[in-house]
Amino acid sequence: MAEQDRTQELQAALEQALAGDMPVAIRGGGSRAHFNLAPGDNPLSAAAHRGVIDYQPDELMLRVRAGTPIAELETLLAAEGQRFAADIPQPAEHSTIGGAIACGWDGPARPAGMSLRDTVLGCRMLNGRGQLVSFGGQVMKNVAGYDLSRLQVGALGTLGVLLDVSLRLLPQPECTENRSFTVSAAQLPDWWEKLRALRPLLRASCFVGTSGSVDAGGLMEGKLHLRLSGRKSALKAALQKLGGEPSAFDWRALRNLRHEFFSAPQLACVVLPHFAELDIPLEETLIDWEGARIWVPNGDGVALQRAAAKRGGFVRVLRGPTLPVANGAGDWPRRIKDAFDPRGLFNRELFNTYFGGGQACR
Amino acid sequence: MNNNSSQLLHKLRQLLPRERLLTEREQLAPFESDALPVYCERPLAVALAESEEEIVTVARLCGEHRVPLVSRGAGTGLSAGAKPHGRGILLVTAPMDRILAINTHSLTARLQPGVPNLQISQVAVRHGLFYAPDPSSQIACSIGGNVAENAGGVHCLKYGVTVHNVVGLRLVTWDGEILTFGGECLAQPGYDLLALVHGSEGCLGIVSEITVKLTRVPAETRTLMADFASIGAAADAVSAIVRAGVVPAALEMMDALVISATEAFCQAGYDLDAAAILLIDLDGDPLEVDAEAALVEAVLRKFQATRVQRAQDEDQRQRWWKGRKSAFPAIGRLVPDYYCIDGTVPRHRIGDVLQAIAEFAEGYRLRVANVFHAGDGNLHPIIMFDGREPDALERVEALAADILEYCIQVGGTITGEHGVGTEKFNQMAIQFGDAEIEQFLAVKNALDPHGLLNPDKLIPSLAHCREYRVLRKKHD
């Protein structure tokens with residue numbers, strides 16, 4: 001694996017930007033930019049800052065530079081019978097761990113396990129004063145100081161240049177099996193409930209459906225795919241009870257947003273507290289997170305946002321017109337941004353698009 | 001009392017009923033400290049809040065009059081994080097103890113901040129659910145305090161600490177604004193302010209409502225106990241279990257001192273000849289638990305356990321755990337005073353850190369008992385002493401400082417779950433450099449611009465840090 005410590009170069013580039021009051025667009029591999037996340041002009045790339053700093057299988061801990069491709073890390077961990085504790089989407093082979101932290105996205109296995117944010121133990125970064133700062137650490141439990149490392153997850157690089165991150169790992173499951181079921185939309189709510197009982201072994205679930213024929217009353221029908229993992233004996237017994245067809249569903253493509261479903265010109269996901277009908281006619285849909293995340297191609301963003309809000313959820317638009325930010329955090333996002341980046345140099349456009357609208361809700 | 005304070009008290013008297021605004025000396029006495037009473041101070045007044053509106057009222061008035069505001073729940077904290085401010089108001093949210101809703105679809109519970117931790121599970125169990133983080137004080141400690149400290153517990157190895165189990169918060173700012181972070185979903189848009197608030201020790205705002213994630217009660221829980229002839233062997237077994245691909249629900253260690261103290265206290269059934277005991281919970285699918293129990297037993301034997309037992313029934317299981325949970329009162333019976341600290345180290349360093357602690361203790365003529373969350377590397381050395389001896393507390397504090405700084409040295413941290421509070425204020429200067437402290441202070445200043453919320457806790461000033469570092473250098 002390529003090893004390169006570019007801390008000094010990144011620090012020098014940042015100092016130059018600070019001296020010239022030049023905004024910078026922090027980027028990694030760029031594999032997520034086309035999901036409404038282009039960081040803007042004047043790029044400061046951390047992609048060359050890569051390599052493993054510390055991997056201790058006994059500690060279930062990996063400390064790694066931000067520009068390291070996730071795929072390479074997965075190979076390294078698998079050789080020791082381990083994996084990331086979170087399910088991390090990788091839109092491209094070269095998708096970096098730093099980019100994953102910046103976006104804070106989670107794959108279909110999120111409900112059964114931890115979010116990426118949950119697995120962050122610490123980080124080192126450059127803040128907007130040009131200072132090199134470290135927060136958290138490499139141990140499992142740590143409450144010294146404010147948790148500024150988890151705050152970086154999903155911050156889209158607006159608070160600083162992430163240099164390295166320490167992540168919690170888990171052992172690989174002993175074995176994994178996939179099953180599929182043909183299911184109509186009307187049966188779905190029962191299925192999501194039923195899956196709860198499978199939880200210790202259920203790794204991920206996903207329904208892919210399209211509007212049914214006129215015969216089916218136009219109702220949506222499709223396939224429910226389940227991924228189970230655990231000890232061999234337990235899995236065997238559970239599968240016998242569960243039934244279903246063996247499945248070749250491509251979970252990797254789903255996690256990495258490379259399933260054909262995600263190629264629509266417009267793409268959004270609705271995140272809900274639990275499965276609920278949206279009362280919006282959909283041509284096709286993909287639902288994961290045990291019903292709590294509904295993917296919608298070519299939907300009306302504003303209508304989706306209204307429907308989501310009514311049910312205690314929110315919408316994330318990955319392709320298509322972005323939506324105004326709606327949250328109850330008051331002016332905290334602006335204040336926190338100022339505390340890290342007083343001159344407002346980092347990823348300005350992303351900040352305005354995704355964090356700037358809080359005031360409207362006061 | 002200055003003019004500002006008397007005006008504030010005058011207004012508070014108009015807005016809060018008499019029995020919930022305490023100003024008399026004898027009324028204030030029980031609130032002078034949290035569960036670390038070596039640090040105490042009498043506040044100007046204690047306000048007992050019964051609603052979010054009352055929190056808002058108190059915060060707004062304190063903000064207007066620039067009077068410090070310390071908030072607390074049940075006061076079971078172990079780092080003097082809820083020690084009152086001598087010129088400030090102590091706002092107690094313990095009376096807000098209602099479970100507002102349990103949602104069996106989203107598997108969440110919406111709670112007022114004063115709900116005792118254990119009560120959540122006692123109610124949720126009717127739906128086959130429980131709230132996973134289980135600090136030792138769970139009978140008494142409140143969920144609001146758990147958020148402020150990011151509390152952990154015995155079962156955090158598998159289920160995570162408070163921050164992993166909270167999906168939504170309402171928070172009152174220094175000037176009385178109500179903010180909402182997260183909701184009931186497994187994700188949230190915007191900055192992860194839930195993470196920022198957890199462990200912020202009441203320095204950024206006052207938590208007025210919490211939505212927690214509930215977990216399904218596992219179909220099977222099995223407890224194993226292993227005896228070891230040395231602490232080192234037990235410590236090696238801890239790493240080996242994790243390395244073998246098993247994540248136990250709990251993995252706890254006790255040393256000989258704790259074993260004998262708890263045996264005398266509650267007859268848990270521990271082996272008095274063991275130098276160390278590991279107590280291990282495995283839970284989940286029954287067949288999976290079977291497979292993992294066999295795996296763990298094999299590892300324990302390979303790593304020189306002198307005896308490995310499975311709890312035969314629920315009664316035995318409960319007895320074993322009762323011993324673990326009674327460790328502190330059991331030690332308390334042996335000595336006039338004890339002082340518990342809370343560092344985390346990498347698992348593979350547990351053995352040598354325990355060795356170092358014993359050596360440090362000898363140098364200060366003190367004894368240390370160890371009972372801790374071995375799976376997380378989260379140590380809780382209990383320093384035993386007699387406060388009546390003239391220099392005892394000084395020696396204890398010096399030993400605690402040495403232990404915490406050794407934790408930092410081996411790649412760990414000064415606190416895993418008890419918080420910094422007043423107690424570890426100095427050690428922050430050792431764990432962090434000026435740049436980090438400056439960043440912490442910038443966040444604090446951005447969200448509490450007049451420094452009114454729990455002043456002089458958690459983050460020391462740069463000047464304080466520099467002073468302490470000089471002092472420690474002299475000590476070396």
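## Walking through the domains and chains

In chain B, 15 residues of domain 1 touch 17 residues of domain 2. That is a good place to start in this structure, which is a predicted model. The two domains have C-alpha centres separated by 23 Å, and together they bury about 1200 Å², with carbon and sulfur atoms accounting for 59% of that area. On the domain 1 side of chain B, Glu52(B), Ile55(B) and Thr76(B) contribute 37% of the area buried against domain 2, more than any other three residues.

Keep your eye on Glu52(B), because this residue also takes part in a salt bridge, as a side-chain nitrogen of Arg170(B) comes within 4 Å of its carboxyl oxygen. The closest N and O atoms of Arg170(B) and Glu52(B) are 2.8 Å apart. One salt bridge is found across the interface of domain 1 and domain 2 of chain B, along with two residue pairs in polar contact, both residues being at pLDDT 80 or more.

Now step back to see how chain B is laid out. The domain assignment splits chain B into domain 1 (3-92), domain 2 (99-216), domain 3 (220-328), domain 4 (335-409) and domain 5 (428-475).

Chain A is next. Here the assignment gives domain 1, made of 7-172 + 329-361, and domain 2, covering 175-319. In chain A, 20 residues of domain 1 and 19 residues of domain 2 make up the contact, and the C-alpha centres of these domains are 28 Å apart. Domain 1 and domain 2 of chain A bury about 1700 Å² between them, and carbon and sulfur atoms give 53% of it. Look for Phe35(A), Pro108(A) and Pro111(A): of the area that domain 1 of chain A buries against domain 2 of chain A, these residues supply 34%, more than any other three.

What kinds of polar link cross this interface in chain A? There is one salt bridge between domain 1 and domain 2 of chain A, and there are eight residue pairs in polar contact, both residues being at pLDDT 80 or more. Sorted by class, the face of domain 1 of chain A that touches domain 2 of chain A holds eleven nonpolar, four polar and five charged residues. You can also find a salt bridge between Glu74(A) and Arg255(A), whose closest N and O atoms are 3.1 Å apart.

With both chains in view, turn to where they meet. The size of an interface is often given as the accessible area lost when the parts come together. For chain B and chain A, the buried area is about 6600 Å², 59% of it from carbon and sulfur atoms. The contact draws 84 residues from chain B and 72 residues from chain A. How many salt bridges are there between chain B and chain A? The count is six. If you would like a salt bridge to look up, try the side chains of Lys141(A) and Asp376(B), which meet at 3.4 Å, N to O. Between chain B and chain A there are also 32 residue pairs in polar contact, both residues being at pLDDT 80 or more.

Finally, the cysteines. A disulfide is a covalent bond between the sulfur atoms of two cysteines. How many disulfides are counted over all chains? The answer is zero. Cys40(B) is in no disulfide, its nearest cysteine sulfur being that of Cys340(B), 19 Å away. Is Cys40(B) buried, exposed or partly exposed? With a relative accessibility of 45%, Cys40(B) counts as partly exposed. Cys465(B) is likewise in no disulfide, and the nearest cysteine sulfur to Cys465(B) belongs to Cys203(B), 14 Å away. Cys465(B) has a relative accessible area of 0%, so this cysteine is buried.

Notes:
Residues numbered from 1 in each chain as written. Chains lettered and ligands numbered in written order. Predicted model: local features only at pLDDT ≥ 70, side-chain atom pairs only at ≥ 80, totals over all residues. Heavy atoms only, no water. Domains from an automatic or database assignment. Contact = heavy atoms within 4.5 Å. Buried area = accessible area lost by both parts, 1.4 Å probe. Polar contact = N/O pair within 3.5 Å; in protein donor to acceptor, adjacent residues only side chain to side chain. Nonpolar A, V, L, I, M, F, W, Y, C, P; charged D, E, K, R; others polar. Disulfide = S-S within 2.5 Å. Buried < 20%, exposed > 50% of the residue type's maximum accessible area, 1.4 Å probe, protein only.
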